[in-house]
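Here is a friendly walk through a structure, meant to be read with the model open beside you. Please keep the viewer handy as you go.

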Amino acid sequence: MILVVVEHGNGRIGKSARELVTAARSCGVEGPVAALVLGSDVAAIATEAATLVGQVLVADRPELATYDAELWAAAVAQIAREGEVALVLIAASRSGREYSPRVAVKLEAPLIEGAACLTFEGGVVRGERYSFLSRVTETVESNAAVVVATVLPGAFAPAEALGAPGEQFDVDLELPERRLIVTGAQPANAGRLPLGEAEIVVAGGRGTGSAEGFERIVVGLADKLGAAVGATRAVVDAGWRPYAEQVGQTGVTVQPRLYLAIGISGAVQHLSGMNKSQTIVAINKDADAPIFTVADYGIVGDCDAIVEALKSAIG
Amino acid sequence: MRILAIVAQVPGAEERLKVAEGGVDLGASKLVLDTMDEYGVEEALRLREAGAGGDTAVEVIVLGVGPSRVEAALRNALALGADRAVLVDSGAIDLARDVVATSKVIAEVAKRERADLVLCGAQQADSDSQALGAAVAERLGWAQATWVTALTCEGRTLAGRHDVDDGQQDFRLPLPAVVTAQQGLNEPRYPTLPNIMKARKKELRMEVLAGFDVAPQVRLVKQELQHRERLHRLIPGSDAKAAADELLRALREDAKVLA
Ligand SMILES: Cc1cc2nc3c(=O)[nH]c(=O)nc-3n(C[C@H](O)[C@H](O)[C@H](O)COP(=O)(O)OP(=O)(O)OC[C@H]3O[C@@H](n4cnc5c(N)ncnc54)[C@H](O)[C@@H]3O)c2cc1C
């Protein structure tokens, strides 16, 4: 059996859950696909998940109201063990990448992290992933009896519903106590489009001059294009923008249809978070800025003047 | 209190990578102490200097697991101020793609050294793995906090801030624990000349992997440098309006990525 762990929020299953189901179906020659829903008050989510797979395992418990690495790992490992699962698929989100190692260790299973491609044939799980700060693509494989893999967002197309809804089962879990106690939260910019899911990303760097400059140039253009806003670490460290908008090694990885980099130098750590975008535009006053090495279209010039002209031209 | 900081050796971020015979060839690359791990080492030193948890005799041990060349990264960490180092030489066995196996070695050393806190980088810049800290925590049965950007220690309780799916969180966490470090946590110091000289005399204990009963379960099949053809079309920027019009036209009509 292949087990998919369902991410959800705001009463809906996440895009990643649909993508994992596609990954599981493509690997599914080796067995049926089941989905695991963890949370509190998740009946609607379980029903939505049941449109995608034959079996949905549901752990609906108040202790699972918010994510915790140790709770999630204990739950997933228990289900994987009891269900004799051969392949556990988890989204390569920040949380997925932090609890999946615990699942793997509990199962003594190898972990394939951040798979962009995944196959399962003849008992061998083979994954393609990125390494060396996303500059290398590598193929890894394992013939272990159980394998845990995290799958990159956007690597698989979201799955469509099956004809008939799958069955739902409530599961009993033995959960540990929480040890990490959350004492405060600075949520991401709630009003804006989530970066990871956006088709167009307008990102700005220190070349926008100031927090006000960033707002006018980058956010202004993003609003015109219905795009998400991204930022460099330099801009986040300067306090111009919230961390949730950071693109790169220590931020979000994006792969939109169109990425506009405005006043961004193009450091390796930034590129690793956006160099898989379909079309990249760079606007920078320095013709030698490394960002131009990954750009399809480049404009050398002052970003303020050029973006103002872009905004007027869009209307 | 004893703090174990994990250290990896990776190519410098600006280093050009070379691939030969289906694998990354680091033979000619300049290798450095992984920046992310450096934040962990720095944090360990700061906790020692602050007398973390009311302990004025905090010991900072750095640990590397990998080929013998990792010694250079450990010497570097000693020069920054770590008290002593342990290198588990993996010899001919390639552990680099199997974090689950590597975590067994680290957890074993943490137990033998009776560590209270393990620090490591949130991501390793060679394997791009983000799993090491959590895997070690699970091996030890300890709590974890990943992607930490602020950390303090009072008695046996850590407090800090870290990145999560949806922004940032403040947290409390009991020791023993594993914490993964990243940019923002601190500004790592530079090694001073006296410390570099002192580092040569500090203890660096060598161990061999054979003593740890690990066998990697992940096989590296091949590696390729990514190469994506880009258009590299430069649009003159001297006339902002003309540049904007041409960009929009190209995005709409040529690339077809804008409506
Ligand atoms: C461990 C580690 C992790 C990191 N993680 C990340 C990460 O996740 N994301 C990230 O982004 N960075 C990350 N960094 C930082 C990264 O190395 C760079 O420092 C950062 O990306 C630079 O941001 P920037 O391009 O905004 O600033 P700068 O490098 O200062 O570049 C500003 C650019 O703006 C241009 N410019 C200036 N004025 C104008 C103008 N008027 N019009 C047009 N262009 C102009 C300049 O020519 C320059 O190219 C990380 C670093 C480390 C060590």
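The report below covers the basis of the model, a helix, a run of strands, the nonpolar cores, a domain record and some salt bridges.

## About the model

This is a predicted model, in which local features need pLDDT of at least 70, side-chain atom pairs count only at pLDDT 80 or more, and totals for chains, interfaces and linings use all residues. Residues are numbered from 1 along each chain as its sequence is written, chains are lettered from A and ligands numbered from 1 in the order in which they are written, and side-chain values use heavy atoms, with hydrogens and water left out.

## Helix α4 of chain A

Let's begin with α4(A), residues 94–107. Helices (H or I, at least four residues) and strands (E, at least two) are DSSP runs, numbered from the N terminus. The expected span of a helix is 1.5 Å times one less than its number of residues. For the 14 residues of α4(A) that gives 20 Å, and the end C-alpha atoms are 21 Å apart, which agrees.

Of these 14 residues, 13 are buried, so α4(A) is largely enclosed by the rest of the structure. Here buried means under 20% relative accessible area, exposed over 50%, and partly exposed in between (1.4 Å probe, protein chains only). Just after the helix, E108(A) has a positive phi of about 50 degrees.

## Strands β7, β8 and β9 of chain A

Next come strands that pair, meaning that DSSP finds at least two bridges between them. Strand β7(A) (residues 111–121) runs antiparallel to β8(A), with six bridges; one bridge joins E121(A) to V124(A). Two residues separate these strands in their hairpin, and G122(A) in the turn takes a positive phi of about 55 degrees.

On β8(A) (residues 124–131), the side chains of V125(A), G127(A), R129(A) and S131(A) point to one face and are buried, while V124(A), R126(A), E128(A) and Y130(A) point to the other and are not. Strand β9(A) (residues 136–142) is antiparallel to β8(A) over seven bridges, with V140(A) as the partner of G127(A). Their hairpin has four residues between the strands, and F132(A) there has a positive phi near 50 degrees.

## Nonpolar cores

A nonpolar core is a set of buried Ala, Val, Leu, Ile, Met, Phe, Trp, Tyr and Cys residues joined through side-chain atoms within 4.5 Å. The largest has 59 residues, and L38(A), V76(A), V103(A), V148(A) and V118(B) have the most contacts inside it. Helix α3(A) (residues 69–82) gives the most to this core, with nine residues. A second, separate core of 42 residues includes A73(B) and L204(B).

## A domain record for chain B

UniProt, in an unreviewed entry, lists residues 21–216 of chain B as "domain: Electron transfer flavoprotein alpha/beta-subunit N-terminal"; such annotations may be inferred rather than shown by experiment. Over that stretch the chain is 29% helix and 32% strand.

## Salt bridges

A salt bridge is a side-chain nitrogen of Lys or Arg within 4 Å of a carboxyl oxygen of Asp or Glu, and the structure holds 44 over all chains. R241(A) and E245(A) form one, with their closest N and O atoms 2.8 Å apart. Both ends are buried: R241(A) has a relative accessible area of 10%, and E245(A) has 4%.

In chain B, E59(B) and R2(B) meet at 2.9 Å, N to O. This pair links strand β6(B) (residues 59–66) to strand β1(B) (residues 2–6), 57 residues apart. R2(B) is partly exposed at 22%. Both residues belong to a salt-bridge network that also includes R84(B) and E108(B).
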